[in-house]
Amino acid sequence: MSNLDNLDKIVSLAKARGFIFQSSEIYGGLSAVYDYGPLGVELKRNIRDAWWKEMTRRHDNIVGIDAAIFMHPKVWEASGHVGGFNDPMIDDKQSKKRYRADMIIEQHIEKLRKDEKHEEANAIQEKLDSCGSRKSLTEDLYEIIIENEIRAPESGAFDWTEVRQFNLMFKTQFGSTSTEEDGVYLRPETAQGIFVNYKNVLDTARVTVPFGIAQTGKAFRNEVVARQFVFRMREFEQMEMQYFVKPGTDEAEYEKWLEKRLEWHKMMGIREENLRTAPHPEDKLAHYARAAADIQYKYPIGWQEVEGIHNRTDFDLNQHAEFSGKKMDYYDQKNQERFTPYVIETSVGLDRLTLMVLCDAYREEEVDGDTRTVLKMNPKLAPTQVGIFPLIKKDKLQDLAHKIEEDLREEFSILYDESGSIGKRYRRQDEAGTPFCITVDFDGVESEGEDTVTIRYRDDMSQERIPVSNIANVIRDGMKSWKPE
């Protein structure tokens, strides 16, 4: 099991080793926006590539697109985002901090249960579940907070504003002579780009139902309460696949994709005990969903969603058909029938995946009285796969090290390093998650016969001497046989 007990260690390591930086840090930073550094961008790219290969190249009926971030405003009316993509927020007048009103109430209920006040907790829960049925949603939430004297978590004050709805979409102007009517939104999700291109793909890609459309890309949400490092950000990257199926087959397809996606996370090296599925209760389903489940990971902040699997029914295609006036049905030539496909969605956050990989790989180990920090991640995902070190700065060692670097660079990501003691170089690469380190020394260069090197394995720090001609094979075998500890 990982001994990562808080997120601060990952935040510190991410900054120190060049995985993730605060955006615009020299100006004090921009809240809930992050930049990926040299190691972070490679890790993120490797995860994205692994997902793309799994979702498209390994399926003959799933194709990809790359839809634009800007879309016609009516797209977001059809999807329900303009009218319903809101969070109920309340401000503490003392601290000036803003909170999700329903979360404040849920935290209060949880505290009551810990204090064994179950009857009181149940009564508040019942009122929370029926919010919006007495007055408006915001009025009902405010009433619960006031009636139960729920105080602000940080200041302890009981001095609230009224509850207000905040739309989470970023709006901007479009064109050089724009007016309010010309406003467009930065997309809050990538799914709609797939739905509006559904007919284009049908007409050009020679696909038949069932088939899928995958894409990766940036999305933007004006999260009022954004926190927990890259877990919840205002600018983030999604990887989604919408799978179009015949109505009646949707339940089986939903179960199939839920199982497939859970297995993929395990295949990426995430330990099984840190993963679980959490179906959504029927009364908590989104308006478009017939069934939904989260694949959750046990982050240092607790069990949290990393991927969502949803049976979206024919909601999206019907909405776009209505708002655009274009037909979105499908004609099955084989069975000579026409229907609007149901959609099974798999939606995963790339930034959350990256954070999951870092958290799951993080270890602190005692080695000869010192603490070794190491990222034991899947070698296929590692930002640097091979470190190459001449033992000392001598031409003979450096020349062979550079030759090895040149030979391996086409297939693997390489770091050449000749500064500092060999022990310090190993430790630097342990913290970067580098699975294999090659050391070139005089024992291997001046020995009779073929040149040899020492390969050092990250996970157990074992070393062995191998011929230079066999380095690539040893690394390939090590990558294939790797298993999480």
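Two residues are said to be in contact when heavy atoms of each lie within 4.5 Å. With that in mind, a good place to start in this predicted model is helix α2, where Leu43, Lys44, Ile47 and Arg48 meet a set of residues in helix α12. The partners on the α12 side are Leu350, Asp351, Leu353, Thr354, Val357 and Leu358. By class, the residues of this contact divide into six nonpolar, one polar and three charged.

The geometry of the pair comes next. Two packed helices are described by the angle between their axes and the distance between the axes. Helix α2 spans residues 38–57 and helix α12 spans residues 350–361; their axes come within 10 Å and cross at roughly 110°. Because angles of 65 to 115 degrees count as roughly perpendicular, α2 is described as roughly perpendicular to α12. The crossing of α2 with α12 is right-handed.

Helix α2 also takes part in a second feature, a pocket. Rolling a probe the size of a water molecule over the atoms shows where empty space is left. The second largest pocket has a volume of about 920 Å³, and 33 residues line it. Nearest the centre of this pocket lie Ala50, Lys53, Lys380, Leu381 and Met479. The elements that give two or more residues to the lining are α2, α10 (250–267) and α16 (471–481). Of the contributions to this lining, that of α2 is the greatest, with eight residues. Sorted by class, the lining of the second largest pocket holds 13 nonpolar, five polar and 15 charged residues.

Technical notes. Residues are numbered from 1 along each chain as its sequence is written. This is a predicted model: local features need pLDDT of at least 70, side-chain atom pairs count only at pLDDT 80 or more; totals for chains, interfaces and linings use all residues. Side-chain values use heavy atoms; hydrogens and water are left out. Axes are lines fitted to C-alpha atoms, for helices over the stretch in contact, and angles run from 0 to 180 degrees between N-to-C directions. Helices (H or I, at least four residues) and strands (E, at least two) are DSSP runs, numbered from the N terminus. Angles under 35 degrees count as roughly parallel, over 145 as roughly antiparallel, 65 to 115 as roughly perpendicular and the rest as oblique. A crossing is left-handed if the near helix is turned anticlockwise from the far one by less than a right angle, and right-handed if clockwise. Ala, Val, Leu, Ile, Met, Phe, Trp, Tyr, Cys and Pro count as nonpolar, Asp, Glu, Lys and Arg as charged, and the others, Gly among them, as polar. On a 1 Å grid over the protein atoms alone, a cavity is a set of points where a 1.4 Å probe fits but cannot get out, and a pocket is an open set with protein on both sides within 12 Å along at least five of seven lines; lining residues have an atom within 4 Å of a point. Grid points are joined across faces, edges and corners, and a volume is the space filled by probe spheres set on the points.
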